[in-house]
Amino acid sequence: MPNSRLLLLMLCAAPLALIAQSAPHAVLLVANQTSQSLSIIDPATEKQIAAVPEDSYTGHEVAASPDGKLAFVPIYGNSGVGRPGTDGSTMDVIDIASRKVVKTVSFGHGVRPHKPIYDPNSGLLYVTTEIDNSVTAIDPKTLKIVASIPTGAAESHMLAITRDGHYGYTANVGPGSVSVLDLKAHKTVTVIPVAKTVQRISLSNDDKLVFVADYSQPRMAVIDTATNKVKSWIELPSIGYGTASTKDGKWLLVALTSANKVAVVDLSTLKVARTIDVPQGPTEILVRPDNGVAYVSCGHSNQVAVIDLAAWNVKTAIDAGKNADGLAWSRF
C-alpha cells in the first residue's frame, strides 16, 4: 500500500513538473544609452541578470520578437534628435537566452533608427528612420526591409500603432507635429500641427485618442483619431515626456522628466489626479501586461522605478545601465 501511494504521488507530480518546466518566462528589457548595452531584468527578483553590449553607439529603444526570444535594438548614433552627431545605420538583433548580438540589420545608410514596434497583425517590425523622414517596415523572420512609409515631416522620432495595425502615428520633434500613416497603403494620411516642439507619443487602449507631449509647455495634446485633430489639452505640473495607459483604460501615466515625478491622469476627466515621486530623469513608461505595476526608466539615476498601480507608490527601484531609456516586455 505505501508503494502504491508513492507511485500515485509520483504520477501526479510528473505533469506538474512538466508544466513548471514549460511555463513561459518573462523579462524586462532596458536600452541603456550611455552604457551602450541592453539590460535583462528578472521581474520576479527585480534584479538585473545580464547586460548585453551593443555592437555600436548607441541604442535608445528596444522591442521583443513575438516569441520573446529576440530583442531588436536600433542603433541611433551618438547624439540626440535634431542635434549634430553620427547617424546610425544598423539595428542589433540580440538573442535573449544566450545574451549575445546574433545578427545585424543594415538600413544601407545613416537614418538614425529609433523606435521599433512589432505589429502582430502584419507580422512586421516597424522602425522610425528619422533622417529619411520615414518609418521602415522589416520582416523580423528574414530581417529584410520590405517597405518604407514616408512621414511627410522631419525628426519622426517616436511611433505608436493601432491595435489592428492599420494606422501609425509619429511624433515629429522639431516640427512639433504628428504624422498619421496608413501602414497598409504605405502612405502619409495627414500631418497634424501640435506645438512648437513635441516628444513622446502613445495611443489610448481603444485607439480613439493619441497623446503627445508638448515639449515647450507643461501640457499634453489629445488628438481625436476620428478627425485627426487636437481635441483638447491635459494641463501638467511640469513638461511631460513618455506616456502609457493602464490596461484598464482608466489612467494615463506621464513622465515628468525635470520634476522627477510621474503624473497620473484620470482619462474620464483628462485631469491630473496625483503625482508620484520617482528617481531622477524619468523618460519612458511600460505598464506590465497584468496591470500590477508600471516600469519607469529613470536615466539620470540609471534605474527603473517600479510603481505599484494599486498603492500608487514606488515599491522599488531596479539598478540598470547608464542612462536607462527604452523598455520592452518579453515572454519566452
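Q: Is Val222 buried or exposed in this predicted model?
A: Burial is judged from relative accessibility, with buried meaning under 20%. Val222 has a relative accessibility of 0%, so the residue counts as buried. Its place is in strand 18, which covers residues 219-224.

Q: Which residues does Val222 touch, leaving aside those up to four places away in sequence?
A: The contacts of Val222 include Leu209, Val210 and Phe211. Lys229, Val230, Lys231, Ser232, Ile234 and Leu270 are touched by Val222 as well.

Q: What separation is found between the C-alpha atoms of Val222 and Tyr126?
A: Position along the chain and distance in space are read as two separate values. Val222 and Tyr126 are 96 residues apart along the chain, and 23 Å separates their C-alpha atoms.

Q: Why does Ser179 count as buried?
A: The reasoning is again from accessibility: Ser179 counts as buried because its relative accessibility is 0%. Ser179 belongs to strand 14, residues 177-182.

Q: Which backbone oxygen lies 2.6 Å from a polar atom of the Ser179 side chain?
A: A polar contact requires a pair of N or O atoms within 3.5 Å. For the side chain of Ser179, the partner at 2.6 Å is the backbone oxygen of Thr151. Thr151 also appears among the residues that Ser179 touches beyond four places in sequence, together with Ala153, Gly168, Tyr169, Thr170, Asn172, Thr190 and Val191.

Q: How should the backbone angles be read, and which residues other than glycine have a positive phi?
A: Phi is read residue by residue, with attention to the residue type. Glu46, which is not a glycine, has a positive phi of about 55°, and this residue is in the loop between strand 2 (37-42) and strand 3. Arg112 also has a positive phi, near 50°, and is a residue other than glycine. The loop between strand 7 (100-106) and strand 8 holds Arg112. With 4% relative accessibility, Arg112 counts as buried.

Q: Which residues are joined by a cis peptide bond?
A: The angle to inspect is omega. Between Tyr57 and Thr58 the peptide bond is cis, with omega about -10°. Thr58 is in the loop between strand 3 (47-53) and strand 4.

Q: How is empty space in a structure found, and what is the volume of the largest pocket?
A: Rolling a probe the size of a water molecule over the atoms shows where empty space is left. Here the largest pocket has a volume of about 1300 Å³. Its lining comprises 41 residues, and those closest to its centre are Lys115, Ile117, Tyr118, Lys247 and Leu286. By class, this lining has 22 nonpolar, 11 polar and eight charged residues.

Q: Which strands each supply at least two residues of that lining?
A: Among them are strand 4 (63-64), strand 8 (113-119), strand 12 (156-161) and strand 16 (198-203). Strand 20 (243-245), strand 24 (282-287) and strand 28 (324-331) also each supply at least two lining residues.

Q: What is the volume of the second largest pocket, and which residues lie nearest its centre?
A: The volume of the second largest pocket is about 550 Å³. Of its 25 lining residues, Gln33, Gly80, Arg83, Gln199 and Tyr241 lie nearest the centre. This lining divides into five nonpolar, 17 polar and three charged residues.

Q: Over which residues does pLDDT stay under 50?
A: The pLDDT value expresses the predictor's confidence in each residue. The protein chain has an average pLDDT of 93, and 93% of the residues score at least 70. Over residues 1-23, however, pLDDT stays under 50, and the model has zero contacts beyond four places in sequence for them.

Notes
Residues numbered from 1 in each chain as written. Predicted model: local features only at pLDDT ≥ 70, side-chain atom pairs only at ≥ 80, totals over all residues. Heavy atoms only, no water. 1 Å grid on protein atoms, 1.4 Å probe; cavity = no way out; pocket = protein on both sides within 12 Å on 5 of 7 lines; lining within 4 Å. Points joined across faces, edges and corners; volume = space filled by probe spheres on them. Helix = DSSP H or I, 4+ residues; strand = E, 2+ residues; numbered from the N terminus. Nonpolar A, V, L, I, M, F, W, Y, C, P; charged D, E, K, R; others polar. Buried < 20%, exposed > 50% of the residue type's maximum accessible area, 1.4 Å probe, protein only. Polar contact = N/O pair within 3.5 Å; in protein donor to acceptor, adjacent residues only side chain to side chain. Contact = heavy atoms within 4.5 Å. pLDDT = per-residue confidence, 0-100.
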